Amino acid sequence: MSWILLVVSGLLEAVWATALGKTEGFTRLGPSVVFFTALAASMAGLAFAMRELPVGTAYAVWVGIGAVLTVAYAMATGDEPLAVLKILFLAMIVTGVVGLKLAH
């Protein structure tokens, strides 16, 4: 259950990171509400997952999932250019996250 919660929290990290970029300095209400809601839920999920998972592993997986999904979403929407090297390095992060899960 902790791993599922951690993955969902990582997904929510990508949501709040993307929303943060759309808040325009917290001057736009909608993205600001999404940011604070996703941030709170993501942090809460991470905290609960850390009750059963090692801190270093949980944090690395959470950040890795959030980073990969944030960049992938930005590339998919055209906010960030698609590049073969970026995809390669994102695949390396995913491999590291899977490796941490397998090592646990």
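**Exercise 1. Classify E24 by accessibility in this predicted model, and describe its backbone.**

Solution.
Step 1. The relative accessibility of E24 is 53%. Exposed means over 50%, so E24 counts as exposed.
Step 2. E24 is placed in the loop between α1 and α2, and it follows α1.
Step 3. The phi of E24 is positive, about 50°, although E24 is not a glycine. Most residues other than glycine have a negative phi.

**Exercise 2. Which accessibility class does F26 fall into, and what is its phi?**

Solution.
Step 1. F26 lies in the loop between α1 and α2.
Step 2. Its phi is near 60°, a positive value in a residue other than glycine.
Step 3. F26 has 43% relative accessibility. Partly exposed covers the range between under 20% and over 50%, so F26 counts as partly exposed.

**Exercise 3. Compare the span of helix α1 with the expected one, and state what covers its buried residues.**

Solution.
Step 1. Helix α1 runs over residues 2-22 and has 21 residues.
Step 2. The expected span is 1.5 Å times one less than the number of residues, which gives 30 Å for α1.
Step 3. From its first C-alpha to its last, α1 reaches 30 Å, close to the expected value.
Step 4. The buried residues of α1 are S2, W3, L6, S9, G10, E13, A14, W16 and A19. An α-helix has 3.6 residues a turn, so residues three or four places apart point the same way.
Step 5. The cover over these buried residues includes α2 (29-49), α3 (55-77) and α4 (84-103).

**Exercise 4. Is E13 buried or exposed, and which residues does it touch?**

Solution.
Step 1. E13 lies in helix α1.
Step 2. Its relative accessibility is 12%. Buried means under 20%, so E13 counts as buried.
Step 3. Leaving out residues up to four places away in sequence, E13 touches S42, W62, V63, G66 and A67.
Step 4. For a distance across the model, take E13 and L85: they are 72 residues apart along the chain, and their C-alpha atoms are separated by 23 Å.

**Exercise 5. How many salt bridges does the structure hold, and which residues form them?**

Solution.
Step 1. Side chains of opposite charge can pair when their charged atoms come close. The structure holds 2 salt bridges.
Step 2. One joins the side chains of D79 and K22, at 3.3 Å from N to O. This pair links distant parts of the chain: D79 sits in the loop between α3 and α4, K22 in helix α1, and they are 57 residues apart.
Step 3. D79 counts as exposed, at 53% relative accessibility, while K22 counts as partly exposed at 35%.
Step 4. The other is formed by K86 with E80, whose closest N and O atoms are 3.0 Å apart.
Step 5. K86 is partly exposed at 28% relative accessibility, and E80 is partly exposed at 27%.

**Exercise 6. Which residues form the nonpolar surface patch, and what is their accessible area together?**

Solution.
Step 1. The patch is formed by L11, V15, V34 and L69, with about 290 Å² of accessible area together.
Step 2. V15 is in helix α1.
Step 3. A patch residue needs over 30% relative accessible area. V15 has 33% and is partly exposed.

**Exercise 7. State the confidence of the model, and which elements have the lowest and highest mean pLDDT.**

Solution.
Step 1. The protein chain has a mean pLDDT of 96, and 100% of its residues reach 70 or more.
Step 2. Among its elements, α4 has the lowest mean (94) and α2 the highest (98).

Technical notes:
Residues numbered from 1 in each chain as written. Predicted model: local features only at pLDDT ≥ 70, side-chain atom pairs only at ≥ 80, totals over all residues. Heavy atoms only, no water. Helix = DSSP H or I, 4+ residues; strand = E, 2+ residues; numbered from the N terminus. Buried < 20%, exposed > 50% of the residue type's maximum accessible area, 1.4 Å probe, protein only. Contact = heavy atoms within 4.5 Å. pLDDT = per-residue confidence, 0-100. Patch = residues over 30% accessible without salt bridge, like charges linked within 9 Å, V, L, I, M, F, W, Y side chains within 5 Å. Areas by Shrake-Rupley, 256 points an atom, 1.4 Å probe, with all protein chains shown as cover. Salt bridge = Lys/Arg side-chain N within 4 Å of Asp/Glu carboxyl O.
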